[in-house]
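User: I would like a close look at one part of this model, namely how its helices pack against one another and what surrounds them. Please take me through that part in one connected account.

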Amino acid sequence: MDKYYIGILPELNFRFLVANCSNTIQEIIDKQGLKYSSADIVAKTTLGAFFLAAMVKDDANVSIQLEGNGEVERVLAYSDKYGKLRAVAHKKEVVASMSDPTLGIGTGVIKVNRWRGSTHDRQSLTELVDDSFENNLLQYIYQSEQVPSYLHTYLGNQDAKALVGGFIFQALPEATVEEKKLMQEKVQVFFAGIDAFFQGDLQETFSKLPETLDTELQVLQEGTPQYNCVCDMEKIKRIVRSMGREEADSIIQDVGKVELTCEFCVKKFSLDAEEVHLLFM
C-alpha cells in the first residue's frame, strides 16, 4: 500500500517527508500509456510536486511543469498537501539515451504554480538545465525559497510494476549552521544506501529510521497517496462555453456533437446538439 509520513527531526531542526507512491504513479502510467523515459520523468515530477505541496504549513495545491527541448517536450504534474496526484506527458514512449540525465525532457524551463484553495497564489520559473530532475528541483528550491534541502527519489520495478518513492529533508527556520552541517553528513551516508528502503514495506523500514539517522523523529502527519483527477462535466461545459457559440455550433454541424477528452485520466465527455444549445441560452 502507498504510504507517506511527514514529521520533524527535533534534535536537528529539520522537517521531512518520506513517501511510497508506487501504486498511485503506476495508475498514472497506465492511464497515460507511458513507457520508458517518459514514465520515469513523469514519476519523478509527480513525486516532486508532492514534495513541494506537502512541505508547507498551509493547505496548498502545486503544479510542476517541465518544458524542454528534448523528445518528451512537456510534463505536467499536480499534487495537494495530502498526496492527491495526477500527471501527463506530451510524448508517451520516449527512450532517452543512457547518457541523458534529463530522461528525455532536455533543457528549458521549470514552472511551479501554487494555489491556496481556488486562489492562484504565485508562479515561479527557473531554468531547466542538463542535469537530473532532483538537482533541477533542488536548484528551484534554493532560488525560490532559500531553504537548505536534501532529496532523493527512487525508481525501480517489481513484477512489472513501478516502485516509486522518495525522501526530502528541509531545514526549519531555527536550524543552526552546526545542525545543518550535521544533517548534511547524515544525509550523505543515508542516501548512499537508501534504495533498499523502498524495496520492502515502508512502515517497517520507516520504523528503523531513527536508528539509521541516529536522531529522534516525530511524525506529524501520515496518509495514503492516491490518484485524483478533478475533471467533471461542469468543467467540460465551461470549456465549451469558452470556445464561443460559433465554434461550438461549427463542431456540431461537422460531427454532430462536441467531444472532449481529459488529458490526465483520458475520460471522454460528450455534449449533443441540444446540450450545446442549452449552454448558450
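**Helix 2 and its partners**

Analyst: The crossing of helix 2 and helix 3 is right-handed. This is a predicted model, and what follows should be read with that in mind. Helix 2 covers residues 36–54 and helix 3 covers residues 133–145, and the two pack at an angle of about 25° with their axes 10 Å apart. Because angles under 35 degrees count as roughly parallel, helix 2 is roughly parallel to helix 3. On the side of helix 2, the contact is made by I41, K44, T45, G48, F51 and L52, while helix 3 contributes F133, E134, L137, Y140 and I141. Sorted by class, the residues of this contact are seven nonpolar, two polar and two charged.

One residue of this contact, L137, deserves a closer look. Leaving out residues up to four places away in sequence, L137 touches G48, F51, L52, I64 and L151. The largest nonpolar core has 50 residues, and L137 is, together with L17 and L66, among those that touch the most other members. Helix 2 supplies the largest share of this core, namely 11 residues. A second core, separate from that one, has 25 residues, including Y5, V18, A175 and F206.

Helix 2 also packs against helix 1, which spans residues 22–32; the axes of these two helices come within 10 Å and cross at roughly 135°. Angles that are neither under 35 degrees, nor over 145, nor from 65 to 115 count as oblique, and therefore helix 1 is oblique to helix 2. The crossing of helix 1 and helix 2 is right-handed. The contact is made by I25, I28 and I29 of helix 1 with A39, V42, A43 and T46 of helix 2, and by class its residues are six nonpolar, one polar and no charged.

Turning to the surroundings of helix 1, its buried residues are S22, T24, I25, Q26, I28, I29 and Q32, so that I25, I28 and I29 appear both in this buried set and in the contact with helix 2. The cover over the buried residues of helix 1 includes helix 2 along with strand 2 (14–20), strand 5 (84–89), strand 9 (161–171) and strand 11 (226–227). Helix 1 is followed by G33, which has a positive phi, near 70°.

Backbone angles of this kind also occur in residues other than glycine. Y36, which is found in helix 2, has a positive phi near 60° although it is not a glycine. Because its relative accessibility is 48%, Y36 counts as partly exposed. E73, likewise not a glycine, has a positive phi of about 75°, and its place is in the loop between strand 3 (61–68) and strand 4. With a relative accessibility of 32%, E73 counts as partly exposed.

Finally, R74 is found in strand 4, which runs over residues 74–80. R74 counts as partly exposed because its relative accessibility is 25%. Apart from neighbours within four places in sequence, R74 is in contact with Q65, L66, E67, V88, A89, H90, I105 and E263; one of these, L66, is also named among the residues that touch the most other members of the largest nonpolar core. The C-alpha atoms of R74 and F14, which lie 60 residues apart along the chain, are separated by 33 Å.

Note on methods: Residues are numbered from 1 along each chain as its sequence is written. This is a predicted model: local features need pLDDT of at least 70, side-chain atom pairs count only at pLDDT 80 or more; totals for chains, interfaces and linings use all residues. Side-chain values use heavy atoms; hydrogens and water are left out. Axes are lines fitted to C-alpha atoms, for helices over the stretch in contact, and angles run from 0 to 180 degrees between N-to-C directions. Helices (H or I, at least four residues) and strands (E, at least two) are DSSP runs, numbered from the N terminus. A crossing is left-handed if the near helix is turned anticlockwise from the far one by less than a right angle, and right-handed if clockwise. Contact means heavy atoms within 4.5 Å. Ala, Val, Leu, Ile, Met, Phe, Trp, Tyr, Cys and Pro count as nonpolar, Asp, Glu, Lys and Arg as charged, and the others, Gly among them, as polar. A nonpolar core is a set of buried Ala, Val, Leu, Ile, Met, Phe, Trp, Tyr and Cys residues joined through side-chain atoms within 4.5 Å. Buried means under 20% relative accessible area, exposed over 50%, partly exposed in between (1.4 Å probe, protein chains only).
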